[in-house]
Amino acid sequence: MTDQQDEIRAMLVKIHQVMERLTKLTELTSGNQLLLSATDAAHCLGISRTLFYELMNRGQLPRPIRFGKRLLWSVMELKQWITAGCPTGDKWELIKKQRP
C-alpha cells in the first residue's frame with residue numbers, strides 16, 4: 001500500500017468517526033434537548049464519563065455552561081466542535097471567534 005493510500009484510508013476513518021459522533025449526538029438529542037450533562041455528552045462522543053472529565057480538565061473540550069451548580073454542554077456547540085475535527089479548547093475558542 002502506498003503512502004497516499006494510507007493517508008486516504010486514515011482520512012476516511014476520521015470522517016467515519018466524526019459521522020458516528022454526530023449520529024450519536026443527533027439520536028440523543030432528537031427530543032429537542034439543547035443542553036447535555038457530562039454523562040450524556042460523553043455518551044454522544046463515545047467515551048467514558050471519566051475520560052470526558054479528564055479532557056475537560058485538560059481544556060480539550062468546549063467550555064460548559066454553568067446552570068446553577070450543574071455544568072452543561074450545548075448540543076449545537078458540540079456538533080460544531082465535532083464538525084471542526086474536535087480541536088483543543090484553545091483552538092476551538094479561536095475558531096468560534098472567527099465565525100460570524
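1. Which residue takes a positive phi in the hairpin of S2 and S3? In this predicted model, the residue is Gly68, with phi near 70°, and the hairpin has two residues between its strands.

2. The strands of that hairpin deserve a fuller description. Strand S2 covers residues 65-67 and runs antiparallel to S3, to which three bridges join it. One pairing can be named: Phe67 has Arg70 of S3 as its bridge partner.

3. S3, residues 70-74, also pairs with strand S1, residues 35-36; the sense is again antiparallel, and two bridges connect these strands. Here Leu35 is found opposite Ser74 of S3. S3 therefore has pairing with S1 as well as with S2, under the criterion that two strands pair if DSSP finds at least two bridges between them.

4. On the overall arrangement, the protein contains five helices and three strands. Their order along the sequence is α-β-α-α-β-β-α-α. The C-alpha atoms occupy a box of roughly 55 × 30 × 30 Å along the principal axes. Of the contacts with a separation of 6 or more, 46% link residues 24 or more positions apart.

5. The largest nonpolar core comprises 18 residues, and Leu25, Leu36, Phe52, Leu78, Trp81 and Ile82 have the most contacts inside it. Two or more residues each are given to this core by H1, helix H2 (38-45), helix H3 (49-57) and helix H4 (75-83). H2 supplies the largest share, namely five residues.

6. Trp81, listed among the core residues with the most contacts, merits separate mention. Leaving aside residues up to four places away in sequence, Trp81 touches Leu45, Gln60, Leu61, Pro62, Cys86, Pro87 and Trp92.

7. The surface raises a further point. A nonpolar patch is formed there by Ile8, Met11, Leu12, Ile15 and Met19, which together have about 500 Å² of accessible area. Leu12 belongs to helix H1, residues 3-28. With a relative accessible area of 53%, Leu12 counts as exposed, because the threshold for that class is over 50%. In soluble globular proteins, nonpolar side chains tend to be buried together. The exposure of Leu12 may be read against that background. H1 thus enters this note twice, as the helix that holds Leu12 and as one of the elements giving two or more residues to the core, by DSSP assignment of helices.

8. As to totals, buried residues constitute 27% of the 100 residues. The accessible surface amounts to about 7,100 Å², and carbon and sulfur atoms account for 55% of this area.

Key
Residues numbered from 1 in each chain as written. Predicted model: local features only at pLDDT ≥ 70, side-chain atom pairs only at ≥ 80, totals over all residues. Heavy atoms only, no water. Patch = residues over 30% accessible without salt bridge, like charges linked within 9 Å, V, L, I, M, F, W, Y side chains within 5 Å. Areas by Shrake-Rupley, 256 points an atom, 1.4 Å probe, with all protein chains shown as cover. Salt bridge = Lys/Arg side-chain N within 4 Å of Asp/Glu carboxyl O. Helix = DSSP H or I, 4+ residues; strand = E, 2+ residues; numbered from the N terminus. Buried < 20%, exposed > 50% of the residue type's maximum accessible area, 1.4 Å probe, protein only. Core = buried A, V, L, I, M, F, W, Y, C linked by side-chain atoms within 4.5 Å. Contact = heavy atoms within 4.5 Å.
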